Amino acid sequence: MLDFQKCTAQDLKAAAAIERKRRIEEERKPRIFNPRIRRIGIDKEYLDRQVEEKKRLQDLQREQECRLDEALLRSSQLAIVQEKRLDEERRKLNKELNTFRQTHQKPEFRRDFDLYDPELLKKSKPPGEDGVDPGLASAQKFEGEDENLVARLREQREQMQSWIMQQVQERRLAEREKRDTEQAYQEALLSRDRRALALEHMELECRRRLSEATARFNRALAEEKAERKRCRALQDNEAARAEIYNHVTGDFLTEPKDQAESVHGPKKLLVTRYKGMTSEQLKVIRDEQARQMEEIQRMRAEENEKNEEWNRLMNGNARAAESYQRELDRRRAELNRQIAEENLRLAEQQRSQQDYLNRHVYKNKPGPEFYAQFNKSTR
């Protein structure tokens, strides 16, 4: 141990530095030698904070859900209270409606209540009070008796006869009206047909007269057109004869030399009267055209010679490039063959070297004590 009474300030400082390094090393060992932290390569403290943050968020979410559930429960309770209130109001309305019906809408207030009154027999008078003799029987009246059967049957027969007569009269009247209607309809159809025949006859007569008038008008137009055509032909013949005479006697066919000369000078010509060049002028133009054609043929021959020379040069270059490409292919094949032979030689050399290492150099395999000396420090 150190004797602090004999140590100097530098020794104390060095001892403090060594102790601090040892403490840092001890704190670092759990982080380095812990498989979870060392293999995963993450910050556990940060993950713990994330877990705490997630728990806090879950607590907040759970608290919010609780508040929402409480609000939903209060809303449900309010809805139940409102439903009960509506049911109570509906019950009161129904009760008031039934009270009104029982007070102001009783069956005996109806107009036809006497038809289904259950106490009708109790309210009816005895047979003796309405003027009818009930007879000497002990009972006054029996259910199902018909005291006015004869009169009722007579009235029914009379009513039936009147109905039958009324129906017969109505049927006869309906048949008479039907016959009248059919007769009026037939007369209307006949009148319409007669009117249609008359209109058709009038239309045919109008068409015939119109066709005759049109034919007469067309004949007059044709005669007038033929007369105008004959007059126009005569005029055209006179005009043609005059035009032929004018052309024959005019300067266009006689072609005088002085008709194309202009007053502005001998070299100026009148385009409207110019009749073409002379034979000397035409000869000069033809000679110039022949010279130009010879010049064009000479230029084409020179161009063909240049094209042939260029084609020979291009063919020579193509043959040289093809021979150069064949030489490059041959050299590339030779180089590939040499590379393959060198690779085989290197592979054989590497295989023999690996065999030598496996047999002579690495023949002693390390045991557990060899690996136990590692991983003792964080450095």
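Helices (H or I, at least four residues) and strands (E, at least two) are DSSP runs, numbered from the N terminus. The views below come from a predicted model, in which local features need pLDDT of at least 70, side-chain atom pairs count only at pLDDT 80 or more, and totals for chains, interfaces and linings use all residues. Residues are numbered from 1 along each chain as its sequence is written, and side-chain values use heavy atoms, with hydrogens and water left out.

**View 1. The whole chain holds eight helices and two strands.** Follow the sequence and you meet the pattern α-α-α-α-α-α-β-β-α-α. Of the 379 residues, 3% count as buried (under 20% relative accessible area; exposed is over 50%, partly exposed in between; 1.4 Å probe, protein chains only). The accessible surface of the chain is about 36600 Å² (Shrake-Rupley method, 1.4 Å probe; for residues, only the protein chains shown count as cover). Carbon and sulfur atoms make up 54% of that surface.

**View 2. Arg-241 and Glu-238 form a salt bridge (a side-chain nitrogen of Lys or Arg within 4 Å of a carboxyl oxygen of Asp or Glu).** Their closest N and O atoms are 3.5 Å apart. Arg-241 and Glu-238 are about one helical turn apart because three residues separate their positions in helix H5. Both Arg-241 and Glu-238 are exposed.

**View 3. In helix H7 (residues 279-361), look for Asp-329 and Arg-332.** Their side chains meet in a salt bridge, 3.0 Å from N to O. Asp-329 is partly exposed, at 36% relative accessibility, and Arg-332 is partly exposed too, with a relative accessible area of 43%.

**View 4. Helix H7 also holds Arg-345 and Glu-342, three residues apart.** The closest N and O atoms of this salt bridge are 2.0 Å apart. Arg-345 is partly exposed at 43%, and Glu-342 is partly exposed at 33%. Elsewhere, Glu-205, Arg-208, Arg-209 and Glu-212 are joined into one network by salt bridges that share partners.

**View 5. Met-160, Trp-163, Ile-164 and Val-168 form a nonpolar patch on the surface.** Patches are made of residues with over 30% relative accessible area and no salt bridge; like charges are joined within 9 Å, nonpolar side chains (Val, Leu, Ile, Met, Phe, Trp, Tyr) within 5 Å. Together these four residues have about 360 Å² of accessible area. Ile-164 lies in helix H5 (residues 149-249) and is partly exposed, with a relative accessible area of 43%.
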